[in-house]
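Hi,

Here is the structure I promised to pass on. Have a look at it first, and then read my notes underneath.

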Amino acid sequence: MRQLLFVITLITVIYACEDTKPSIKDDASRTAIDSAAVEQHLATLSSDEFEGRKPFSAGETKTVNYLVNAFKEMGLQPGNGDSYIQEVPMVEIVGQPAETLELKGKSGQKTLQLGEDFVTYTEKTEELVSIEASELVFCGYGIVAPEYGWNDYEGIDMKGKTAVVMVNDPGFENEQDSTIFKGNTMTYYGRWTYKYEEAARQGAAACLIIHETRAAGYPWFVVSSSWSGGMLNLESNAPKCNLQGWITLTTAADIFKLAETGQKGFFEQAKSADFKPIPLGIEISTSVKNELKRDVSQNVIAMLPAKEKSEEYIIYSTHWDHLGAGQVVAGDSIYNGALDNASGTASVLGIAQAFADLAEAPSRNVVFLAVTAEEQGLLGSAYYAEYPIFPPQQTIANLNIDGVNFYGATNDLSVVGYGQSDMDDIATEEAKKQGRYVTPDAQPEKGFFFRSDQFSFAKIGIPVLYTDSGIDHKTKGKDYARLQLDQYTAERYHRPADHYVPGEWDLSGMMEDAQLFFNIGLRLANSDEYPAWKDNSEFKSKRQPLKD
């Protein structure tokens, strides 16, 4: 009986492949993605053989070789000159912060305890990094946003000083008024990464973010446990503060009490666009000792050359890395990362094959980029953004896939960061052709738009598309879909349990979304469309006109 079922299944698969493959050449609106090939990529990349695909490991070598060979077999050209590789130099920094931090003001002093009251770290690649007698300045939200008429650093020279700033952005605290930033939808100005970047641009010696659980979206434990131990960073020319860190809400209150300003209601003042930075009359001194280890990881990049517009590019992106081997859980120590993100990588490989199989190349170049070290802070895509192979103003759009729908086809598609650019409108139109509708992400205050690799492209002005799994399952409804997502987050996310077992996933949703991404990319590659940012997007000013 089992042999009979196998034969029937085999015949069905062969018939399906023979039925759909010609349609890639004959009618691109029909199914172009080879589901069997995508599943094979998924199973292989998430297998124990690839050791969890951690950068700087044997798993990286196997993964990069697999991707390069796959692109070669498709007949795609190298994307970086004559190479399929973009080297990404990184440094691992194992920091040892001072155990205490002294606050000294005219009215007294206070000793803060590492982990309990504050955390500090550095991205400076020096063995000892310190600040000495640095004056604390309360800088509100630490935001400079001309499009919102907002400048928390107005009128102050921050050289040598330490900025103390609030987490999130003014819209969060004024969530009933959507005219203040984007109301309850977090902008990039609310992300902790932005606050450190802006403080560095202002010349600050250090930046300390005031933690508050509701605004941050996670408790102090996440901060104190995450900002410690070895951390990978780029060897980058971008400006950096000497020290970065967090302080508790209680510590912030103690600082304000110690301050010689004669002012109260610091947080309330910060909610107004009229806010001006407040020197606190308090000095701090502290340091971090570093152990440094340098190495080079790799982005993998391939390209289908354009038929006509050889200076214009569509870029698909995905991250190939995961966490490698780690703590043993239920007898398993390999963090396979099947969903995160062998699934996205497999989808992009399937899309690349569909493009390679077209009867003729599209008008614009189509690029396929698999980046490293997303799990370490979007490092591979950030490096590409700092050293782009293709000019950002000639890059039409970025379509990023990070995690897929593993529980079956849905009536909807969730667009993360909905309302940012014309890419959302294009996705809505193409989803409608599939009989689907688009919804914004359900938790915009969490800032998920800034947590995957498309964000690196957005920062340099390239409109992006990043989607999440739909939650309106075509036959089992919304409750079923939500349950699948909740169980994955609770039981498998960043755990050894995130592995692929054939038959356990319903890949129809994954293939439906991959087909949608192919359709959108093909539409852009064969048109004159040049997607733009919406007027209320913080990335609008970064977009440059397309060269003739």
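Below is what I found, starting with the helix packing and ending with a few single residues.

One thing before you dig in: this is a predicted model, so please read everything here in that light.

**Helix 10 and its neighbours**

I'd start with helix 10, which covers residues 338-356. One partner is helix 3 (residues 58-74), and the two pack at an angle of about 20° with their axes 10 Å apart. An angle under 35 degrees counts as roughly parallel, and therefore helix 3 and helix 10 are described that way. Their crossing is right-handed. On the helix 3 side the contact uses Tyr66, Leu67, Ala70, Phe71 and Met74, while helix 10 brings Thr345, Leu349, Ala352, Gln353 and Ala356. Sorted by class, that contact of helix 3 with helix 10 has eight nonpolar residues, two polar ones and no charged ones.

Helix 10 also packs against helix 15, this time at about 50°, again with axes 10 Å apart. That angle makes helix 10 and helix 15 oblique to each other. Here too the crossing is right-handed. If you want to find the spot on screen, look for Ser343, Ala346, Ser347, Ile351, Ala354 and Phe355 of helix 10, which meet Met510, Ala514, Phe517, Phe518, Gly521 and Leu522 of helix 15. The tally for the contact of helix 10 with helix 15 is nine nonpolar, three polar and no charged residues.

There is also an oddity in the backbone of this helix. Aspartate 340 and asparagine 341 are joined by a cis peptide bond, with omega about 5°. Asparagine 341 sits in helix 10, so to speak, and that bond is worth a look when you have the model open.

**Helix 15 from the other partner**

Helix 15 (residues 508-525) has a contact with helix 12 (residues 422-433) as well: the axes come within 10 Å and cross at roughly 120°. That makes helix 12 oblique to helix 15. Helix 12 passes helix 15 in a right-handed crossing. The residues involved are Met423, Ile426, Ala427, Glu429, Glu430 and Ala431 from helix 12, and Leu516, Asn519, Ile520, Arg523 and Leu524 from helix 15. What classes of residue make up the contact of helix 12 with helix 15? Seven are nonpolar, one is polar and three are charged.

**The nonpolar cores**

The largest nonpolar core has 66 residues, and those touching the most other members are Phe71, Tyr316, Ile351, Phe355, Phe368, Phe518 and Ile520. Several of these names will look familiar: Phe71 is in the contact of helix 3 with helix 10, Ile351, Phe355 and Phe518 are in the contact of helix 10 with helix 15, and Ile520 is in the contact of helix 12 with helix 15.

Phenylalanine 355 is a handy one to click on. Leaving out residues up to four places away in sequence, phenylalanine 355 touches Leu304, Tyr316, Pro362, Val366, Phe368, Phe518, Gly521 and Leu522. Apart from the largest core there is another, of 61 residues, with Val164, Ile278, Leu369 and Phe449 among them.

**Helix 11**

Helix 11 (residues 379-386) is mostly covered, with six of its eight residues buried. Those six are Leu379, Gly380, Ser381, Tyr383, Tyr384 and Ala385. What do the buried residues of helix 11 pack against? Their partners are strand 2 (85-97), strand 11 (230-234), strand 13 (278-304), strand 14 (309-319), strand 17 (364-371) and helix 13 (454-458).

**A few single residues**

Two phenylalanines have a positive phi. Phenylalanine 56 has phi near 65° and is found in the loop between helix 2 (35-45) and helix 3. At 28% relative accessibility, phenylalanine 56 counts as partly exposed. Phenylalanine 181 has phi of about 50° and lies in the loop between helix 4 (170-173) and helix 5 (192-201). With a relative accessible area of 5%, phenylalanine 181 is buried.

Last one: lysine 124, in the loop between strand 5 (118-121) and strand 6 (128-138). Lysine 124 is partly exposed, at 23% relative accessibility. Its contacts, again not counting residues up to four places away in sequence, are Ile93, Val129, Lys240, Cys241, Asn242 and Asn290.

Cheers

How values were computed: Residues numbered from 1 in each chain as written. Predicted model: local features only at pLDDT ≥ 70, side-chain atom pairs only at ≥ 80, totals over all residues. Heavy atoms only, no water. Axes fitted to C-alpha atoms, helices over the stretch in contact; angles between N-to-C directions. Helix = DSSP H or I, 4+ residues; strand = E, 2+ residues; numbered from the N terminus. Parallel < 35°, antiparallel > 145°, perpendicular 65-115°, else oblique. Left-handed = near helix turned anticlockwise from the far one by under 90°. Contact = heavy atoms within 4.5 Å. Nonpolar A, V, L, I, M, F, W, Y, C, P; charged D, E, K, R; others polar. Core = buried A, V, L, I, M, F, W, Y, C linked by side-chain atoms within 4.5 Å. Buried < 20%, exposed > 50% of the residue type's maximum accessible area, 1.4 Å probe, protein only.
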